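Work through the exercises below with the sequence and the model open. Try each task before reading its solution.

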Amino acid sequence: MRRRLACAGAAVFLLVMTFYLFLEQTLNAFQLGVMLFLMAAGLTLVFGIMNMINLAHGSFYMIGAYVSAYVGHATGSFFIGFLVALPVAALVGMAVEIIALRKLYNRDHLDQVLATFGLILFFNELTAIIWGPQAIFVPIPELFAGSVEIIPGVPYPVYRLVIILMGLAVALALRSLIVSTRTGMLIRAGASNREMVSALGVDIDRLYTIVFGLGALLAGLAGALAGPILATEIGMGENILILTFVVIIVGGIGSVRGALVGALLVGLVDTYGRAFLPTVLRSLIEEPSVADGLGASISSMSIYILMAVVLIFRPRGLFQAYG
Amino acid sequence: MDKPVVTRKALVLGLGLVLLLALPPIALAMDEGFFISLFSRILIYALAAVSLDLILGYAGMASLGHGAFLGVGAYVVGILAFHLSDGSPLPFLPGAWAGTASALIAWTAAILVSALFALVIGALSQRTSGVYFIMITLAFAQMLYFFFISLSTYGGQDGVNLEQRNTFPLLDLGDDTSFYYVCLGLLLGFVFLCKRLVNSRFGMVMRGCKQNETRMRALGFATYRYKLMCFVIAGAGAGLAGALAANQSEFVSPGLMHWTRSGEIMIMVILGGMGTLFGPILGAAALLLMEDVLASYTEHWMIILGPVLIFVVLFARRGIYGFLAGPGGRDG
Amino acid sequence: MDSPAAPLLDVQGLVKSFGALRASDGISLDVRAGEIHAVIGPNGAGKTTLINQLSGEMAPDGGQILFDGMNVTAMDVARRARMGLARSYQITSIFPEFTALENLAMAVQSGLGHHFRFWRNAKTDPARIAPAMEGLRRVELEAVAHSMAGELAHGQQRQLELAMALATGPKLLLLDEPMAGMGPEESRRMTDILLPLKGRVSILLVEHDMDVVFALADRITVLVLGKPIATDTPARIRANPDVRAAYLGESP
C-alpha cells in the first residue's frame, strides 16, 4: 500500500515537472514567435502591397540591434539605445526604398532577390567597417533583470516576458492600425487591388515608403529586443530572415494574420522540437547516440519539415491576403 | 547586309575557349601557378552556374537553393573519402563498403545522390510557383545546411578534410594542371550536353513552360513532370560541380550549402547572361575574379560588390555575354 | 459502347460558386459531333467560368462533365487536352518569345509525344515543323512564320492562338471570345477562318459579336446569371421572347 502511494507520488511529481518544463518551453516558443512576427509582419506587408520580395529585411533587424547596442553602451542606458534604434531602422528602410528598391517594384522577383542580396552584402560590410567583425553582447537592462514566478515554483526571466508582451502589444497596435485608420484602409486596399488605390488619387509612392519604413521599424524593434538575449553580430539578420520566410510561407504571403499564426506555429515547432524531441527519441530508440544524433538533426530541421507539410496541403499558405 | 564569315558570337566563344585551353602553360611560364587553381574554381562554379541556368533561364524556375546540390555532391565525395581513411563501413548501406577514393565511382555517386535529392526537393517545391518557389527552395537548402551541421560524425560545422584528391585513371588529380583540364573537359562536356538538351523536344517543353505554363497545359503537356525532370538534371550537374569543388579544396563543409552560396551562383547566372549557356561561365569568371582582385585591395570587398550587383540588376539586364556577343547572343 | 447519337460533350448540372455569387447555377448542355454550339449571355453570365470548368482549369462544386463518353470532371487540364479538348483564351495566350512557327510546333509536338527526347534537335525535326507550317498556312500566317509571336499584331496573335488549338487535332474546340479586341476587318478574317471548320470540328463558342454567332452557330444556348434559359437554333433563339427580354432586348 505504502509502496503504491510512493509510486503514485513519484508519478505526480514527474507529471508536475513535465508540466513545468512544458510551460517554460511554451513561453520560450511564444518569445521566439513574437520576434518572428515582428519580422514577418513587415516582410509580408511589403510583399502583399508592393509585390516585392526583400531579402534585405534582415539588415534592418541587424541595424536595430547594432544601433541599440552602440547607443545603449555609449549612454549607459538600454532604453535610450532602444528608442534611438527604432527611428534609425525606419529611416534607413525609407532611404533604401527611395534610393534603390522603388525601381524594382515592377521587375520580376528574380531581380528583386538579386538587388536586395546586393544590399545585404553592402550592409553587412558596412556594419563590419563601423563596428568591427566581433560580436557584441548586450546586458539585460536592470529593470527587467532576474526572474519572476509565473506560477509558484516556475521562475521565468522577466526580460523574455517583456518581449512576449511587447510583441503582443505590437500585434494589437498593428491590427488597429490596419483595421481602423485611413493608412490601414489603404494598406488593405493596396494588398488586394493596387490599381484601385492609385485610382483613388492617393500618393502611392508615399504610401509605399511609409509601409516600407513601418516594416523596417518593426524589424529594427525585433533586433533591438534581441540584443540582450542573442549575440549582436554580422549575419544575424540573415539567420532570422530565413526563419521569417518560413513563417510567411506557412502563414500565406501578404496576410498579417497569417504572419502571426505562422510565427507562433514556427516558434512552437522549433522550441518543442529542440526541447522534447531528443527525450522522445531516446525512449523510442535503443542506442542513445543514434537517438541524440537523430534528435539533433530532426529538431534543427523541424520548421522546414513543417513548411513542407503545409505546402503539400496548402500550396499558398494557411491564410490568403485580405479577401 | 552580308552575314560575316565569323560572327561576333563565334569570335567571343572561340577566343574564350583558346584562353581556357592555353591558361595552364601560360600561368606556369609566368610562374603564377596560383592562377591554375583560381581558374579551376572558376570552371567548377561555372558548371554549377550553367546547371542553375537550365532551370532559371530555360525553364523559368527561380531556385535560391541550388547550393544544396553543390553541397550534397561534395559531401558524397567527402563521406566516401572519410570512410576510406577511417576504415569504418558506410551507414545505411548494405554490406560493409568502406568508401572509395576513385573519382569515377565517387563522382558518379555524387551525381546520382544529388539527383535524388533534387527529385525529392523538386517534387515538393514544384507544388508552388513564383515567390513561393524562391523561398521554398531557399528553405530546403537551409534544411540540408542544418542537417549537415548536426552530423557530428562528419565534422558538423567544421566539415570533413580529404587526405588527398580522388584517383583518376591515367591522371594524377593531385597535379593542379591535370585537375584543371579534367574540370575544363567536364564543363565543356556538360555545356555540350545542355546545348543538345535545350534544343531538343524536351528543351522546347522547358522553354514553353517558362514563357506560358498555362498554355502548355492547355496544349496537353503535363508540365509538372518535365519541370521536375529539368530540376533533377540541374541538381545532378550541381552535384558534379560539388564533387569537383570537394577535390579542388580537399575540404567539404556545410558552408557549401549556405544560402549565400546559392545566391552567389544565381548572381553568376544573371551577371553573365541568363538563358544562355555561355553566359553563366562568364558570370562565374567575372564574380570570382572580381572577388580575387577586390579582396587584394580591401577585406571589405563586398561593400563594392553589393552596389555593383544592384547596378547590374537595374541597368545591365543582358549580362556580360549579351554585351560581348551582341544581339545574336541568345542560344537557339 | 455508347450509341452513335451520344453527344461529344455532355454537361450535367454544373454548379460553381464564388462566395455568394453562383457563376454556374446548374448548367446542363451538350455539344454534338461536328456542331458549332454558341453560348451567349450578358457580361457576368458565367461564360468564361463555364469554359474554365470544361477545360479543367477550375473544379466545379457540383455536376459532371462527360467528354467523348468519359467522365472527365476530375481530370486535369493536360489530360483533357490530350483527350482532344483544346481551347483558346479570352486574353491571348501564346509563347511570345518563340517564333510563330515554333508556337505551332509546340502544339504539334503535344500530339507527337516523346517529350523526354533529350538529344535530337527539335527545331529542324520535320515531324514537328512540317505540320506546324501547314497549320500556319491554314490561318494565313505563313508569311510571318519566323517572326517572334510577341511582336505580331493583335489580330495575328489571335489567329495564331486558334491555329495552335487546331494543330493539336482536337475533337472539341472551346473558343473563349475569339474576336475579343478585334477590329471589324480582323473579325471578318477570323470568321472566314472559322467557317470552313463547320461540320469538321466540333466547337463550343463563347462570343459577344452577335453577327459572328449567328453566322457560325448551329445551336445557341443563352446563359443568364449562371443559368441556361434557352437552347435552340439561331432562328428560334432570335424569336424566343424570353431571350429577347433577358438578353437580346438589352443590346442595341
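The exercises go from contacts between chains to helix pairs, domains and single residues.

The model is predicted, so local features need pLDDT of at least 70 and side-chain atom pairs count only at pLDDT 80 or more, while totals for chains, interfaces and linings use all residues. Residues are numbered from 1 along each chain as its sequence is written, and chains are lettered from A and ligands numbered from 1 in the order in which they are written.

**Exercise 1. Contacts between chains**

Task: find which of the two pairs of chains in contact shares the most contacts, and describe the side of chain A that touches chain B.

Solution.
- Step 1. Apply the contact rule: two residues are in contact if their C-beta atoms, placed from the backbone, lie within 7 Å.
- Step 2. Of the two pairs of chains in contact, A and B share the most contacts. Here 35 residues of chain A are in contact with 35 residues of chain B.
- Step 3. Helices H4 (109-131), H9 (236-251) and H11 (288-313) of chain A each supply at least two residues to the side that touches chain B. Helices (H or I, at least four residues) and strands (E, at least two) are DSSP runs, numbered from the N terminus. The largest share, 16 residues, comes from H4(A).
- Step 4. Sort the side of chain A that touches chain B by class: 26 nonpolar, six polar and three charged residues. Ala, Val, Leu, Ile, Met, Phe, Trp, Tyr, Cys and Pro count as nonpolar, Asp, Glu, Lys and Arg as charged, and the others, Gly among them, as polar.
- Step 5. Turn to chain C: 28 of its residues are in contact with 21 residues of chain B. On this side of chain C, the elements that give two or more residues are helix H2 (77-83) and helix H3 (100-112). By class, the side of chain C that touches chain B has 14 nonpolar, eight polar and six charged residues.
- Step 6. Chains A and C do not touch, and their nearest C-alpha atoms are 11 Å apart.

**Exercise 2. Two helix crossings**

Task: give the crossing angle of H2(B) and H10(B), then that of H4(C) and H5(C).

Solution.
- Step 1. Axes are lines fitted to C-alpha atoms, for helices over the stretch in contact, and angles run from 0 to 180 degrees between N-to-C directions.
- Step 2. The axes of H2 (residues 34-58) and H10 (residues 279-297) of chain B come within 8 Å and cross at roughly 135 degrees. That makes H2(B) oblique to H10(B); angles under 35 degrees count as roughly parallel, over 145 as roughly antiparallel, 65 to 115 as roughly perpendicular and the rest as oblique.
- Step 3. List the contact: residues of H2(B) including Leu38(B), Tyr45(B) and Asp53(B) meet residues of H10(B) including Pro280(B), Leu288(B) and Asp292(B). By class, the contact of H2(B) with H10(B) has 11 nonpolar, one polar and three charged residues.
- Step 4. In chain C, the axes of H4 (residues 126-138) and H5 (residues 154-167) come within 9 Å and cross at roughly 130 degrees. H4(C) and H5(C) are therefore oblique to each other.
- Step 5. Pro131(C), Ala132(C), Gly135(C), Leu136(C) and Arg138(C) in H4(C) meet Ala163(C), Leu166(C) and Ala167(C) in H5(C). This contact of H4(C) with H5(C) has six nonpolar, one polar and one charged residues.

**Exercise 3. Domains of chain C**

Task: state the domain bounds of chain C and describe the contact between its domains.

Solution.
- Step 1. The bounds, which come from an automatic or database domain assignment, give domain 1 (1-84 + 171-252) and domain 2 (93-169) of chain C.
- Step 2. The C-alpha centres of these two domains of chain C lie 26 Å apart.
- Step 3. The contact takes nine residues from domain 1 of chain C and eight residues from domain 2 of chain C. On the domain 1 side, the largest share, four residues, comes from helix H6 (residues 184-194) of chain C.

**Exercise 4. Burial and backbone**

Task: decide whether Glu177(C) is buried or exposed, and do likewise for the residues of H1(C).

Solution.
- Step 1. A residue is buried if 20 or more other C-beta atoms lie within 10 Å of its own, exposed if 12 or fewer, and partly exposed in between; C-beta atoms are placed from the backbone.
- Step 2. Glu177(C) has 21 other C-beta atoms within 10 Å, so Glu177(C) is buried. Glu177(C) is in the loop between strand S7 (172-176) and H6 of chain C, and its phi is near 50 degrees, a positive value in a residue other than glycine.
- Step 3. In helix H1 (residues 47-55) of chain C, eight of the nine residues are buried, so H1(C) is largely enclosed by the rest of the structure. Just after H1(C), Gly56(C) takes a positive phi of about 100 degrees.
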